[in-house]
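Hi,

Here is the structure I promised to pass on. Have a look at it first, and my notes follow below.

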Amino acid sequence: MDVKYYLRERFFPHMWCAGCGHGIVLNSLVRAVDLLGLKKRDIVMVSGIGCSSRISGYVDFHSLHTLHGRALAFATGVKLSKPSLNVIVPMGDGDALAIGGNHFIHAARRNINITALVMNNRTYGMTGGQFSPLSGVGTKATTAPYSNIDREFDTVELATGAGATFVARTTVYHVKQLQSLIKKAISHDGFSVLEVLSQCPTYFGRKNRKGSAVDMLNSFKDGTVPVGSKKKQENPELIERGIFVEKQLPEYCDAYAELVERATAK
Amino acid sequence: MAKKKKLKRHAINREWCKGCGICVAVCPKNVLELNSKEKAVAARKQDCIACQLCEEICPDLAIEVMVKYVEESTSGDK
């Protein structure tokens, strides 16, 4: 397939470092859109601030580059004004769960038909490698030179608890699964959260001696198992990937349209 | 008559490639390598099975594996 059809070629080569996992997410995203057969003019990418949020500048869809952490608030406005659009919100771990944590849980609670891609590289890459709420205990960062003491969020449990109706996780190593889960997340009628474990060889990798981008990719292969696998019971350290929640509940735009109809009925 | 995927050529965009080596590591047939300028090149084209894994995982979107579908006789007389 011709990926360039979906890209703004004038901005390439992109600004991400060599071996950055966010490029793999971009690659899989355009392939998923192609497989779904969506038109470019029917997609809106709304992003905040951070390395991951730069993804919206590289795709040839409608795009909105907004405030740090507030992408979901802007996306809610876009979606409510024109519910026929497919709204995709790429966010980093800090953008989604620290700065935008409140918007994240409330978008999930409302079940508005938006696709949130949480690209988790466990650090703030753009600003120099500070620890994020997903870094976890014992990791090192430029702001935690003697190691971090903050516990991390589990994105899947948080999204499930907040009421998201589609919750999944995968990694950038598993590109086929990544494409298929992006497809499912976009097709789902309701708020969908897809956490993608991504590597930052420049900061998280270097500070934590994780080796090269290839070594970090291999750690995703060895450190994750399909959801429900027996290996997880033997080794609780392993991270599960797959679909955790998939259910149908009333969607926010539909409920809103219904309310308008009811209120204006004579 | 089954159709088989065959390699036409590797189109590698050297301007976009940043030489991370991910394609070299994931290739199941060890077709790719980095040249002296740290850009991916298809050094052993004849071994390529056209799985397109390098194309789908490239973080720089720099690789396109051009493929063709050829009719393959199942009787085995060719």
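Let me start with the core. The largest nonpolar core (buried Ala, Val, Leu, Ile, Met, Phe, Trp, Tyr and Cys residues joined through C-beta atoms within 7 Å; buried means 20 or more other C-beta atoms within 10 Å of a residue's own, with C-beta atoms placed from the backbone) has 79 residues, and Val89(A) and Leu117(A) touch the most other members. Helix H1 (residues 22–36) of chain A gives this core its largest share, seven residues; helices here are DSSP runs of H or I with at least four residues, numbered from the N terminus. Another core, of six residues, lies apart from it and includes Trp16(A) and Cys20(A).

Setting aside neighbours within four places in sequence, Val89(A) is in contact (C-beta atoms within 7 Å) with Leu117(A), Val46(A) and Ala75(A), among others.

This is a predicted model: local features need pLDDT of at least 70 and side-chain atom pairs pLDDT 80 or more, while totals for chains, interfaces and linings use all residues. Residues are numbered from 1 along each chain as its sequence is written, with chains lettered from A and ligands numbered from 1 in the order written.

Now for the two chains together. On chain B, 14 residues are in contact with 17 residues of chain A. Helix H1 (22–26) and helix H2 (53–57) of chain B each supply at least two residues of that side of chain B. It has eight nonpolar, two polar and four charged residues, with Asp, Glu, Lys and Arg counted as charged, Ala, Val, Leu, Ile, Met, Phe, Trp, Tyr, Cys and Pro as nonpolar, and the others as polar.

Enjoy exploring!

Methods:
Contact = placed C-beta atoms within 7 Å. Buried ≥ 20, exposed ≤ 12 C-beta atoms within 10 Å, placed from the backbone.
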